Amino acid sequence: MRGLGIDLGTTNTVVGTLEDGIVLNEPSFMLVRNKDPHRALAIGHDARALIGRTPAGITQVRPMRDGVVVDLDSARAFVTAVIERAAPRRWYRRRPKAIFSAPAGATPLERRALLEVGHEAGLRKVGLIPEPVAGAIGCGINPLEARAHLVVNIGGGTSEVTAVSFGGVISHRTCQLAGEDLDEALHHYVREEHHIIVGELTAERAKMGAADTAEGQSLVVEGLDGVTGRARMISLDVEEVVEALRPTTTGIVQTLTACLDDLPPQAISDVMSEGVLVIGGGAMLRGLAHLFEESFGLPVKTAERPLTCVAEGATACLDHPELVAAYSG
Ligand SMILES: Nc1ncnc2c1ncn2[C@@H]1O[C@H](COP(=O)(O)OP(=O)(O)OP(=O)(O)O)[C@@H](O)[C@H]1O
């Protein structure tokens with residue numbers, strides 16, 4: 001079945017097709033001219049690179065917040081540009097169908113906004129699938145089987161935990177702390193403790209860099225001295241980064257752990273044998289899987305492709321309308 005699987009996230013937008021796999025993976029940022037605010041001038045990496053350096057007359061727009069559409073006109077312009085880039089021209093003229101992933105905690109109004117944006121962006125038929133379900137499918141799990149699966153999704157704007165079984169949701173919790181709050185926590189920490197002010201992108205790079213830095217090693221971070229205003233570099237131990245983020249990660253874990261209270265013993269025993277699946281970019285945060293393991297008291301496994309598994313699952317649903325039907329209620 002020809003079409004697109006679309007994960008329209010707060011931080012990243014990922015699009016897949018059954019023929020070619022992931023065809024677009026770009027930040028959910030758009031540049032518009034102030035005079036023409038509903039037409040994208042640039043999207044993705046090109047638009048995000050202008051954080052803190054946007055020239056006059058041009059505005060940087062983020063069409064999604066906390067995983068949902070915040071402004072219909074901007075979202076339509078963004079999705080139109082995304083489809084034009086992801087789908088070959090001849091496809092686009094034939095109005096492809098698409099399956100969007102939506103947060104499991106999205107309200108009916110938020111879900112309707114997403115459907116509307118898809119139709120107005122030129123898609124023929126639009127379906128929705130909850131993000132944790134799409135992520136599980138993208139990781140090879142069948143969410144229709146009579147067995148409970150617990151999926152934790154740590155995105156840029158929201159963190160969610162969802163237990164699914166036999167085409168339905170058993171339990172769900174959402175937390176508004178996620179990847180971007182971790183960047184902010186690190187920004188705040190270096191300002192308070194090292195007296196330097198770093199940009200948003202630098203704070204995020206340091207957070208992500210901690211995942212690939214060996215224990216005992218440090219990361220170099222550059223910013224502006226809070227007193228003199230001059231450029232300055234500092235080095236941060238990876239353990240220091242983990243500690244600076246601890247209050248935020250603990251907040252995320254505590255909110256999500258409450259989901260376990262609603263799970264019947266049989267579901268817990270399913271999760272015990274299979275493990276909790278962690279998806280979303282935040283899954284790669286240093287020490288997070290361990291923290292979940294300690295708090296849940298359950299084995300935890302990180303998705304192999306945490307940033308793209310949701311779009312992969314949404315794409316797979318193009319061939320499995322029974323999945324979309326089961327989880328559309
Ligand atoms: N190696 C890493 N370590 C820590 N965080 C990471 C890493 N790689 C990416 N991230 C973070 O993952 C987040 C983006 O994840 P993802 O693309 O899953 O979110 P999203 O789908 O856009 O957001 P949402 O689900 O909230 O709408 C960003 O905050 C990014 O900084």
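In this predicted model, helix 6 (residues 179–194) and helix 7 (residues 200–212) pack with their axes 9 Å apart and at an angle of about 100 degrees. Angles of 65 to 115 degrees count as roughly perpendicular, and helix 6 and helix 7 are therefore roughly perpendicular to each other. Helix 6 brings Leu-182, Asp-183, Leu-186 and His-187 to this contact, where they meet Glu-200, Ala-203, Glu-204, Ala-206 and Lys-207 of helix 7. By residue class, the contact of helix 6 with helix 7 holds four nonpolar, one polar and four charged residues.

The ligand offers a second view of these two helices. A shell of 22 residues surrounds the ligand, and the closest of them are Gly-9, Thr-11, Gly-155, Gly-179 and Gly-281. Helix 6 and helix 7 are the elements that give two or more residues to this shell. The most comes from helix 7, which gives four residues. In character, the shell around the ligand divides into 13 polar, six nonpolar and three charged residues. Both domains take part: domain 1 (3–135 + 309–326) and domain 2 (141–303) each provide at least three residues of the shell.

We turn next to the sheets, beginning with the one of five strands. This sheet is open, has the strand order 13-12-11-17-18 and shows mixed pairing. Strand 13 (168–175) and strand 18 (300–302) each have a single partner strand and stand at the edges, so one side of each is left without a neighbour in the sheet. On average, and with direction ignored, neighbouring strands of this sheet are turned by 20 degrees against each other. Helix 5 (residues 131–138) packs on the sheet, where it touches strand 11 (149–154), strand 12 (159–165) and strand 17. The direction of helix 5 makes about 105 degrees with that of strand 11. Helix 8 (residues 238–257) lies across strand 11, strand 12 and strand 13, and runs at about 150 degrees to strand 13.

Both senses of pairing can be followed strand by strand in this sheet. Strand 12 and strand 13 are joined by seven bridges in the antiparallel sense, and Ala-163 stands opposite Ser-171 in strand 13. The hairpin of strand 12 and strand 13 has two residues between the strands, and in this hairpin Phe-166 takes a positive phi near 50 degrees. Strand 17 (residues 276–279), by contrast, pairs with strand 18 in the parallel sense over three bridges. Here Val-276 stands opposite Val-300 in strand 18.

Another open sheet consists of three strands in the order 5-4-6, with antiparallel pairing. Its edges are strand 5 (42–43) and strand 6 (58–61); each has a single partner strand, so one side of each is left without a neighbour in the sheet. Four bridges in the antiparallel sense connect strand 4 (residues 30–33) with strand 6, and Arg-33 stands opposite Ile-58 in strand 6. Helix 2 (residues 72–86) lies across strand 4, strand 5 and strand 6, and runs at about 115 degrees to strand 4.

A further hairpin is found earlier in the chain. Strand 2 (residues 12–17) and strand 3 (residues 21–27) run antiparallel and are joined by six bridges. In this pairing Gly-16 has Ile-22 of strand 3 as its bridge partner. Three residues lie between strand 2 and strand 3 in the hairpin that they form.

Finally, the model can be viewed at the level of its domains. The domain assignment gives domain 1 (3–135 + 309–326) and domain 2 (141–303). Taken over C-alpha atoms, the centres of domain 1 and domain 2 are separated by 24 Å. Their contact takes 20 residues from domain 1 and 24 residues from domain 2. On the side of domain 1 that touches domain 2, at least two residues are supplied by each of helix 5, helix 11 (309–316) and helix 12 (321–326). The largest share of that side is the four residues from helix 5, the helix that also packs on the sheet of five strands. The side of domain 1 that touches domain 2 comprises 10 nonpolar, seven polar and three charged residues.

Note on methods
Residues numbered from 1 in each chain as written. Predicted model: local features only at pLDDT ≥ 70, side-chain atom pairs only at ≥ 80, totals over all residues. Pairing = 2+ DSSP bridges. Axes fitted to C-alpha atoms, helices over the stretch in contact; angles between N-to-C directions. Contact = placed C-beta atoms within 7 Å. Parallel < 35°, antiparallel > 145°, perpendicular 65-115°, else oblique. Nonpolar A, V, L, I, M, F, W, Y, C, P; charged D, E, K, R; others polar. Near = placed C-beta within 6 Å. Domains from an automatic or database assignment.
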